[in-house]
Amino acid sequence: MMKKISLIGVALLLLLSGCAPKLNSQEENVQKTKDDDKKSIIPKYKISDEYYRIISPLEVSKARGQVVSNLNSRYDVNEMEMGLMRIAQEDFDTDEYIYNEGQNLTSKMVNRWLQRKYTKEQFKELMKKDSSLKESDNIGLNPVDPGKGDIDKRNKENPLYLAHILEQDYLVKKSDDEVSLGGVVIGLALNSTHYYQKEEFGAVYETKIDNDEIVKEGKKIADEVLSRLRSMDKLKNVPITIALYKQAEKSSVVPGNFFAYAKAKEGSSSLSDWKKIDEKYYLFPSEEAGKKHRDDNKNFLSFKQEIEKYYPNFNGVIGRGYYLDDQLQKMKIEIPIQFYGKAESIGFTQLVASKVMEFFPDYINVQVEISSVDGPESIIVRNTKDKEPFVHIYE
């Protein structure tokens, strides 16, 4: 099988890039403002219709870094960003719009919004401890904890619903040498499980949050977020989409998922026509996948068992399947294995590539990452309808 040069890493890097805007007629040289001599670049080409063009060098989000600390796992971090970009494509075509990291929500603002709302008495006590606080800073979007009574009951009745707020900006060409903000997409990450402590540095307890409650509170928070965004001068008139994401619990090895979104047209201060998103990730092999998607789980087990026939030092395989409208769209597989030489690594990769073609139907995308204690060994990608997989073996 021919070895090809991988574009996967490049694609992922481009997704995380962004910068603010002045654009020449050839969409290459960019000047950020009329008074700024600093130049940037907008690439003429994008990797595929899945990805937006992104200005370089990167102008990072004003709230950058918050997503890693606020979400439960790297799976949720990645999925929230990429899932929000999928939702953006409903209104912002990748051929016409340019992706930019959020430039309106600051770290300080996000932190304040993620706090609990406090009673006047509670906030007065906080102000005594922190002289920088003002009464106007009591703007938390999570519910008040009355601070009295049984602590388990209080946390069950008043959990932290909102875990994170992610902003993505979409720029549109305004003239031959300028781009402007064409729309904003906001992701609200909501907890499926609330974690709390009864004392500082003490044990961590948890309480599950009912799904109907997540939906209800998520939409309520979204209305308030929209109101606050509309109060900002730059966001008074742009289209705004707000999407709700239910993050997985901390122990999960698959990410959560977006479950609904709504739009506010230019200048509108209300979200209407909430649209349901039917998407979910499953772990393969697993009891849940076996119950909900028996044929897919059977194919995965056959794939796994076939490989195990030939490699006694095979350590296992984990798959994460993405479903949209209850149909498998893509499967990402991780295979850790101990190799005793490069030839064995190449031979194993060839075997896995052939089994991918044999056991997975051609209407799904499959990506396999093979690694050893020395790091990545190879990657296999079979896109929908491909007659042969893309294979890259790391030197």
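Here are some notes on contacts and burial in this structure, which is a predicted model.

1. Salt bridges, overall. There are 20 salt bridges in the structure. The next three points go through a few of them, with the surroundings of each partner.

2. K198 and D152. These two side chains form a salt bridge with an N to O distance of 3.0 Å. K198 sits in the loop between β7 (193-197) and β8 (204-208), while D152 belongs to helix α6 (residues 151-157), so the bridge ties together parts that are 46 residues apart in sequence. Neither end is hidden away: K198 comes out as partly exposed because its relative accessibility is 38%, and D152 is partly exposed as well, at 29%.

3. E249 and K208. Here the N to O distance of the salt bridge is 2.3 Å. This is another link between distant parts of the chain, with E249 in the loop between β9 (240-247) and β10 (257-264) and K208 in strand β8, 41 residues apart. The two ends fall into separate accessibility classes: E249 has a relative accessible area of 27% and is therefore partly exposed, whereas K208 has 53% and is therefore exposed. If you plan to look at one distance by eye, I'd pull up the 2.3 Å between E249 and K208.

4. E306 and K309. This salt bridge, at 3.3 Å from N to O, is a local one within a helix. Both residues are in helix α9 (residues 294-310), and because they are 3 residues apart there, about one helical turn separates them. Their accessibilities don't match: E306 is buried at 14%, but K309 is exposed at 61%. The pair also belongs to a network of salt bridges that links E306, K309, K355 and E358.

5. Helix α3. This helix covers residues 74-88, which makes 15 residues, and its first and last C-alpha atoms are 21 Å apart, close to the 21 Å expected at 1.5 Å a residue. How much of α3 is covered? Mostly covered is the verdict, with 11 of the 15 residues buried. The buried set includes V77, M80, L84, M85 and I87, but also charged residues, among them D76, E79 and E81.

6. I370. This residue is part of strand β15 (residues 365-372), and its relative accessibility is 1%, so it counts as buried. Leaving out residues up to four places away in sequence, I370 touches I335, I337, F339, F348, T349, V352, P376, E377, S378 and I380. For one of those partners, F348, the C-alpha to C-alpha distance from I370 is 9.1 Å, at a sequence separation of 22 residues.

7. I337. One of the contacts of I370 is I337, which lies in the loop between β14 (327-336) and α10 (342-359). I337 is buried too, because its relative accessibility is 2%. From I337 to V317 it is 20 residues along the sequence and 9.2 Å through space, C-alpha to C-alpha.

8. Aromatic pairs. The count of aromatic pairs comes to 14. Take Y118 and F123: their ring centres are 6.0 Å apart with 40° between the planes, and the pair is classed as tilted. Y118 is partly exposed, with 25% relative accessibility, while F123 is buried at 6%. Elsewhere, ring pairs join Y52, F92, Y97, Y99 and Y170 into a cluster.

9. Charges over rings. Two cases are worth a look. The charged end of R228 is placed over the ring of W113, 5.2 Å from the ring centre. K250 lies over the face of Y195, and there the distance to the ring centre is 4.5 Å.

10. Q103. Which backbone oxygens does the side chain of Q103 reach? One is that of V60, at 3.1 Å, and another is that of E101, also at 3.1 Å. Q103 itself lies in the loop between β4 (97-101) and α4 (107-114) and is buried, given its relative accessibility of 14%. Beyond residues up to four places away in sequence, Q103 touches E59, V60, S61, K62, E167 and D169.

Definitions and conventions:
Residues are numbered from 1 along each chain as its sequence is written. This is a predicted model: local features need pLDDT of at least 70, side-chain atom pairs count only at pLDDT 80 or more; totals for chains, interfaces and linings use all residues. Side-chain values use heavy atoms; hydrogens and water are left out. A salt bridge is a side-chain nitrogen of Lys or Arg within 4 Å of a carboxyl oxygen of Asp or Glu. Helices (H or I, at least four residues) and strands (E, at least two) are DSSP runs, numbered from the N terminus. Buried means under 20% relative accessible area, exposed over 50%, partly exposed in between (1.4 Å probe, protein chains only). The expected span of a helix is 1.5 Å times one less than its number of residues. Contact means heavy atoms within 4.5 Å. Rings of Phe, Tyr and Trp (its six-membered ring) pair if their centres lie within 6.5 Å; planes under 30 degrees apart count as stacked, over 60 as edge-to-face and the rest as tilted. A charge sits over a ring if NZ of Lys or CZ of Arg is within 6 Å of the ring centre and within 35 degrees of the ring normal. A polar contact is a pair of N or O atoms within 3.5 Å; within protein, one must be able to donate a hydrogen and the other to accept it, and residues adjacent in sequence count only if both atoms are side-chain atoms.
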